[in-house]
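Colleague: I have the model open and would like to talk through the inside of the fold with you. Could you take my questions as they come?

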Amino acid sequence: MKLIKLQCPNCGATFTVTEGSATAVCEYCGATVAVSRTEAEVTVVRRKFNRKAFIVFGIIAAVLIVAAAVIILSVTSGDPIDPRAYKAAGVYLVGTDIPEGEYILYPNVSKQDGDVTPVLEVRKTREAATNKSDFLYRKEFYMRQYVNLHNGEYIAFEHSLLYLPDKVTLKPLDADGYSPAQLKVGVDIAAGEYVIAGNNKQTQYFITSKPEAELYGTSAINSPDMLSFGYCENRVYLKVKDGEYLSFVGGKLYKSCSAPSPVPNADGALPPGQYKVGVDIESGRYSVCPAENKESQAWICLNKNSVKTTSVSSWETEIINAGGETLMFIRFDAPDVPADLTVPNPDNADLYITFWYCFATEI
């Protein structure tokens, strides 16, 4: 903007008017002053450039643009993006889109999200398989999941993110335990003995030779990849070796030496579960009663050295041999008569006693 600087002939004050004006009024005394074109001094008002403010504004604008892009991408895809992730949901050809090898999938939705279910498929075709023979592996999952991929295979997954194993290492296992997951022994956890402790839930574990092994249903029992499985109300023990894969649900995983102690009921009875003699339960005499309305399913089993369970007929209910050397098995044929049970001293052996649908009170 161009301004003309004038001096008032009446009071001597200097003031400015816009170029092109024929007359002006003095801001100080109110006198009318004629504007002389030939004698007027033309000045240009310049504003100082604030470099620091410009830089700050630029940084803020850049951050807002990136944040908006992330929000738009998250909304359009339905999946939040973790910067550590290797691949977002999609279909990838192993050997072309991604290298072969071992990966970890994490769901980025929860069971509370309604009908949205994370799905993993390893198949022979890029398109959705229509023939069952096109599937190499398919699984719905809500927990951390390993997958081994080979050249020429297609991996398809949704509502989940694919990670390289070294990008999602777990915190050390402590008194807080691990939530349900699939873990690799020798990488995520050390070989040894563990406890899955739940809260009035049926806890389950599956130990397999490869992560893609079928885990559920009667067919899983005879799978060559199934090394061991076990399940029990509230609490179950397991042992794992390096190179094995452990999957568990229904509770948290703890080292056997740091697992939370079982909590007796208000009447002092131990609830159903698997207990280690000398650690969770002391040797001595116990009165054992079936849970209400569960008399036909209640049983007690004491076994030595191993915590592996083996089903001989029904996957759901009937377990006769609890693995290792079975020392005692009691089924409640007379539901109104409590079992008078003597729990022996361990004598330097690992003894495990399982109460299925029954409560034990020390006498």
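**A buried glutamate and its surroundings**

Modeller: The side chain of Glu-193 makes a polar contact with the side chain of Tyr-352, at 2.2 Å, and I should add that this is a predicted model.

Colleague: Which other side chain does Glu-193 make a polar contact with?

Modeller: That is Lys-276, whose side chain lies 2.8 Å from that of Glu-193 in a polar contact.

Colleague: And is Glu-193 buried or exposed?

Modeller: Glu-193 has a relative accessible area of 15%, and because buried means under 20%, Glu-193 counts as buried. Glu-193 sits in strand β14, residues 192-208, and, leaving out residues up to four places away in sequence, Glu-193 touches Tyr-237, Leu-238, Lys-239, Lys-255, Ser-256, Lys-276 and Tyr-352.

Colleague: Turning to the nonpolar side, how many residues are in the largest core?

Modeller: The largest nonpolar core has 46 residues, and those with the most contacts inside it include Ile-189, Leu-246 and Phe-355. Strand β15, residues 226-240, gives the most to this core, with 7 residues. There is also a second, separate core of 14 residues, with Ile-98, Tyr-103, Leu-120 and Val-147 among them.

Colleague: What does Leu-246 contact?

Modeller: Beyond its neighbours within four places in sequence, Leu-246 is in contact with several residues, including Ile-189, Tyr-205, Phe-206, Leu-238 and Leu-253.

Colleague: Different topic: how many disulfides does the structure hold?

Modeller: The structure holds 0 disulfides. For Cys-289, the nearest cysteine sulfur is that of Cys-358, 9.0 Å away. Cys-289 is partly exposed at 33% relative accessibility, whereas Cys-301 is buried at 1%.

Notes: Residues are numbered from 1 along each chain as its sequence is written. This is a predicted model: local features need pLDDT of at least 70, side-chain atom pairs count only at pLDDT 80 or more; totals for chains, interfaces and linings use all residues. Side-chain values use heavy atoms; hydrogens and water are left out. A nonpolar core is a set of buried Ala, Val, Leu, Ile, Met, Phe, Trp, Tyr and Cys residues joined through side-chain atoms within 4.5 Å. Buried means under 20% relative accessible area, exposed over 50%, partly exposed in between (1.4 Å probe, protein chains only). Helices (H or I, at least four residues) and strands (E, at least two) are DSSP runs, numbered from the N terminus. Contact means heavy atoms within 4.5 Å. A disulfide is a pair of cysteine sulfur atoms within 2.5 Å. A polar contact is a pair of N or O atoms within 3.5 Å; within protein, one must be able to donate a hydrogen and the other to accept it, and residues adjacent in sequence count only if both atoms are side-chain atoms.
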